[in-house]
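Student: Please take me through some strand pairing, cysteines and salt bridges, with the reasoning shown.

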Protein chains: 2
Amino acid sequence: MLENLKIGILGGGQLGAMLMRHAIDFGLRVSIMDKDPHAPCSHYTSSFFCGDPASFEAVLEFGKDLDVITIEKEAVNIKALRQLEKQGVKVFPSPDTIEVIQDKFIQKQFLLSHNIPVAPGEAVQGKNDLYQYENKLPVCLKKRRDGYDGYGVMVLKTKEDIEAAFDAPCVVEELVDIKHEIAVIVARNEDGAVVCYDPVMMAFSEDKFILDYQIAPAQIDEGILKEATTLAEKVADALQLVGILAVEMFVTKDNRLLVNEMAPRPHNSGHHTIEASTTSQYEQLLRAILGLPLGATGLHFPSLMLNVLDNDALNADRPGKLKRLLDVPGAHLHWYGKEGRRAGRKIGHVTVTDNTIENVIAKAELIRKILN
Amino acid sequence: MLENLKIGILGGGQLGAMLMRHAIDFGLRVSIMDKDPHAPCSHYTSSFFCGDPASFEAVLEFGKDLDVITIEKEAVNIKALRQLEKQGVKVFPSPDTIEVIQDKFIQKQFLLSHNIPVAPGEAVQGKNDLYQYENKLPVCLKKRRDGYDGYGVMVLKTKEDIEAAFDAPCVVEELVDIKHEIAVIVARNEDGAVVCYDPVMMAFSEDKFILDYQIAPAQIDEGILKEATTLAEKVADALQLVGILAVEMFVTKDNRLLVNEMAPRPHNSGHHTIEASTTSQYEQLLRAILGLPLGATGLHFPSLMLNVLDNDALNADRPGKLKRLLDVPGAHLHWYGKEGRRAGRKIGHVTVTDNTIENVIAKAELIRKILN
């Protein structure tokens, strides 16, 4: 059965590669499209297509003989996906879901219309519109489309920052007084069955808005955590999601939950599920889109996930540092094998597991010293 | 670093596919050769070569630009591997190690020469030599070369069985009075560092000598288990192994350990390490052959691994049965995606994990009912 399904993934980065890892577990045949001919996934399938997932023609050509298409990035051509659906290809998450999430302002409006609390924000067309906020600084400025890994997000503190701001359609958000940032991964299948992973706590690098590390389970009040999973399930239902969805939330200083952003695909905040959960987020996505029962989401043990960024300290001795890292028991290296160098880029991650959260944190500190 | 290494695997079956799964974790570039153009691995690399790993020319051509070659089956061309070594390609396990293990009689002689206890056996050239055992029946007959998954093993009970026996160079073994069959996976790197996994207990199907299920940790006397790991480490040292080695042993009714067979590659008895151990046997193999530190081998929880064979009961409703199986929490399906049908062939496995061995066994019984 499973080997007869032709699956397609739009996007061939590390998320796609980790999805391939789990596609192997199910004996699946997977085609992958990415515009970079050297993308990580280009090595891991006999069916790699070099093409832009944002191109109508490329997506239509890629998908025409597939049974099911999924995504590992949001910047995909919705029109082509709708056309493919008409031709009988299953597209999960649905083009409607992806379209809502592609635009951060529409995403926010959608959540508000379903009574889901969000960080307040307004749409602007470009830089000229920003001067009206001069007396309301600081604010957070986010490009409406195509942001990822902190690209497309900046904080405006001064009039000079406005001069240097993105000149593109953006959302301007007031800076929320945040106590914690958490994320919940939720999965939903065609039958409407929903399962949630335990919320994780995230810490971002101060300057780059790129996820620095993540701890699971989140070490915060149980009541808030329960509320967070209820909220994530509500969002999945509202979107009529088929697939998986990462819901990033703020916990404000007065203990309110606000949905910050969503991603309808495997997410950095769920990498730990590979080692720490009964069912990884990647297997869960495959289950959800292939009409298989959703898997158990329980955490086996505490974990901490640390992103590895391309930087001078690491590059001074990559082989030596990676060897020392691999000598830490319970340090699980995921090295993305990206070609070339670009400072600040995610090039891997390490998931640390152990029996207690204290041990996990101690090991993570050791690993951070090794890598830096 | 890791992404610049060109790795090759001889053999492209399910063991190779599971090795690919872990090669993705390290961002490796992997070429794979198998004589079957539709082998499971053919889908999971951009660098698949259709060729016979037993062919001198094919292996030489396959390996000429690689940095490191390893195997997922023993039936490979030793002469070509020796030639590649001279050309600077690292071959792990070494051609010497593979050559010793390729021939079950030489393997036995090797073990005896290192004072490692084995089931007593004698070499015969063909069927005509078997009549001398007519008065010593029953005996176990094993082809010296190219046996796998029970192919190449038979028990001779009567003179009629001799008539129907293999007419090939074989080993004739006396039938040992066995209490248990266990296996130990041991890893060793170029520096001579050695790590062992906990022994597992195996149960074979009565008629086919194919592994039916496997329990980890083995539920037998601690002293014997300790002795078994010591023995496995001794074998790894004797072979000057670089890579991983599965050592299958008999525990006799009088509590002696006898080495039955060895395999210098990932092995069916170690599949459970994917979910149940800190480091899977596949990652461990990659660590051993790439000069990386060996990984921790601890078991997180009890597990039972059940082979899934191609049979009529399963084929009556593969989709329905697989769905019911995937609905059992902690049942980890590995479906090999093999093409075509052949009764009795291994087409997948399920690793069941839970907190107690009793729960694991209960779940495994449920799964067996589902599959049959």
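The questions and answers below deal with these topics in turn.

Tutor: This is a predicted model, in which local features need pLDDT of at least 70, side-chain atom pairs count only at pLDDT 80 or more, and totals for chains, interfaces and linings use all residues. Residues are numbered from 1 along each chain as its sequence is written, chains are lettered from A and ligands numbered from 1 in the order written, and side-chain values use heavy atoms, with hydrogens and water left out.

Student: How many of the 7 residues of strand β16 of chain A are buried?

Tutor: Strands are DSSP runs (E, at least two residues) and helices likewise (H or I, at least four), numbered from the N terminus. Buried means under 20% relative accessible area, exposed over 50%, and partly exposed in between, with a 1.4 Å probe and protein chains only. Strand β16(A), residues 303-309, is largely enclosed by the rest of the structure, because the number of its residues that are buried is 6.

Student: Which residue of β18(A) is the bridge partner of A:Leu309?

Tutor: Two strands pair if DSSP finds at least two bridges between them. β16(A) pairs in the antiparallel sense with strand β13 (residues 211-216) of chain A over 4 bridges, and with β18(A) (residues 346-353), also antiparallel, over 7 bridges. In β18(A), the partner of A:Leu309 is A:Lys346.

Student: How many disulfides does the structure hold over all chains?

Tutor: A disulfide is a pair of cysteine sulfur atoms within 2.5 Å. The sulfur of A:Cys50 has its closest cysteine sulfur in A:Cys41, at 13 Å, and is therefore too far for a bond. For B:Cys140 the closest is in B:Cys170, at 9.8 Å, again too far. Over all chains the count of disulfides is 0.

Student: Why does the salt bridge of B:Asp25 and A:Arg21 join two chains?

Tutor: A salt bridge is a side-chain nitrogen of Lys or Arg within 4 Å of a carboxyl oxygen of Asp or Glu. The side chains of B:Asp25 and A:Arg21 meet at 2.6 Å, N to O. The pair joins two chains because B:Asp25 lies in helix α1 (residues 14-25) of chain B and A:Arg21 in helix α1 (residues 14-25) of chain A.

Student: How many residues apart are A:Glu261 and A:Lys142?

Tutor: Their side chains meet in a salt bridge at 3.3 Å, N to O. A:Glu261 is in strand β15 (residues 257-263) of chain A and A:Lys142 in strand β7 (residues 139-143) of chain A, so the pair links distant parts of the chain, and the separation in residues is 119.
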